[in-house]
Amino acid sequence: MTRSRIGSRPNFQKQIMETITAAETLEKKDSGRLFLVNASTGYTITLPKAQVGLTFNFVFDVGGTDAAMKITVGDTADYFYGQVHVTQSDAIDTLASQVVVKATALATPTSYDWLLFDADATATGGDVGSYVDITCTVDGGWLVIAHLGTSGTPGSIATIYAGA
């Protein structure tokens with residue numbers, strides 16, 4: 001088996017955490033940080049142009065309702081793909097998922113260039129405790145792994161979408 005490594009050995013230091021409460025444009029130097037998201041108001045977080053090895057982690061410290069929080073790509077050729085799982089915050093065993101295959105997103109990147117979060121929606125989530133891990137695995141492609149909560153009943157999940 002051949003293994004390739006990107007980056008360097010762990011330095012066993014604490015992870016840098018920052019809080020986001022308003023529109024923000026992230027830079028490459030922000031890669032590897034944990035962002036605590038206050039989604040109580042609607043705003044957009046813009047990622048840098050996708051380059052292999054960049055990674056961003058978001059945890060919803062404060063959920064939001066009706067004023068959706070969004071994350072978008074930093075370049076028009078970039079796209080999101082991966083899995084989003086949404087569970088109902090106040091019910092047991094209510095789950096819906098969205099899976100976007102890399103080849104599909106690569107073929108039409110402008111159809112998969114936004115992430116939408118809303119804590120009381122049925123097509124997405126963003127309640128307290130939700131988290132999103134975004135990693136660039138190929139230039140232009142952001143792999144999304146998200147576990148979201150919503151007070152709505154999840155169905156027909158569309159967190160990864162063609163937004164504006």
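What follows is a guided tour of the structure, to be taken step by step in a viewer. Please keep in mind that this is a predicted model.

**The open sheet**

Begin by selecting the strands of the open sheet, of which there are five, in the order β2-β4-β6-β9-β12 and with mixed pairing. The edges are formed by β2 (24-25) and β12 (160-161), each of which pairs on one side only. Now move inward to β4 (residues 44-46) and β6 (residues 69-72), which run parallel and are joined by three bridges. If you show Ile45 as sticks, you will find that its bridge partner in β6 is Ile71.

**Ile71 and its surroundings**

Keep Ile71 selected and display its surroundings, leaving aside the neighbours within four places in sequence. Ile71 is then in contact with Ile45, Leu47, Phe58, Phe80, Asp113, Trp114, Leu115, Phe117 and Ile134. One of these residues, Trp114, deserves a separate look, since Lys70 lies over its face at 5.7 Å from the ring centre.

**The antiparallel strands**

Select next β5 (residues 55-62) together with β10 (residues 131-138), which pair in the antiparallel sense over five bridges; within this pairing, Phe56 stands opposite Ile134 in β10. From β10 continue to β11 (residues 141-150), where the pairing is again antiparallel and extends over seven bridges, and where Trp142 of β11 is the bridge partner of Cys136. The strands β10 and β11 form a hairpin with two residues between them, and Gly140, which lies in the turn, has a positive phi of about 95°.

**The nonpolar core**

Now colour the largest nonpolar core, which has 36 residues, and pick out those with the most contacts inside it, namely Phe58, Ile71, Phe80, Val132, Ile134 and Trp142. Two or more residues are given to this core by each of β3 (34-38), β5, β6, β7, β8, β9 (114-117), β10 and β11, and the largest share, five residues, comes from β7.

**The aromatic pairs**

With the rings displayed, you can look for the aromatic pairs, of which the structure holds five. One of them is formed by Phe56 and Trp142, a tilted pair with 5.8 Å centre to centre and 55° between the planes. This pair links distant parts of the chain, given that Phe56 is in strand β5 and Trp142 in strand β11, 86 residues apart. Phe56 counts as buried because its relative accessibility is 0%, and Trp142, also at 0% relative accessibility, counts as buried too.

Another pair to select is that of Phe60 and Phe117, which is tilted, with 5.2 Å centre to centre and 55° between the planes. Here too distant parts of the chain are linked, with Phe60 in strand β5 and Phe117 in strand β9, 57 residues apart. Phe60 has a relative accessible area of 1% and is therefore buried, and Phe117 is buried with a relative accessible area of 2%. Before leaving the rings, select Phe35, Phe56, Phe58 and Trp142 together, as these residues form one aromatic cluster.

**A stop in a loop**

Finish at Ala91, which is placed in the loop between β7 (79-88) and β8 (95-100). Is Ala91 buried or partly exposed? Its relative accessibility is 32%, so Ala91 counts as partly exposed, the bounds of that class being 20% and 50%. As a last step, draw a distance from the C-alpha atom of Ala91 to that of Thr153: the two atoms are separated by 8.6 Å, although these residues are 62 residues apart along the chain.

Terms used
Residues numbered from 1 in each chain as written. Predicted model: local features only at pLDDT ≥ 70, side-chain atom pairs only at ≥ 80, totals over all residues. Heavy atoms only, no water. Pairing = 2+ DSSP bridges. Helix = DSSP H or I, 4+ residues; strand = E, 2+ residues; numbered from the N terminus. Buried < 20%, exposed > 50% of the residue type's maximum accessible area, 1.4 Å probe, protein only. Core = buried A, V, L, I, M, F, W, Y, C linked by side-chain atoms within 4.5 Å. Contact = heavy atoms within 4.5 Å. Phe/Tyr/Trp six-rings, centres within 6.5 Å; stacked < 30°, edge-to-face > 60°. Lys NZ or Arg CZ within 6 Å of the ring centre and 35° of its normal.
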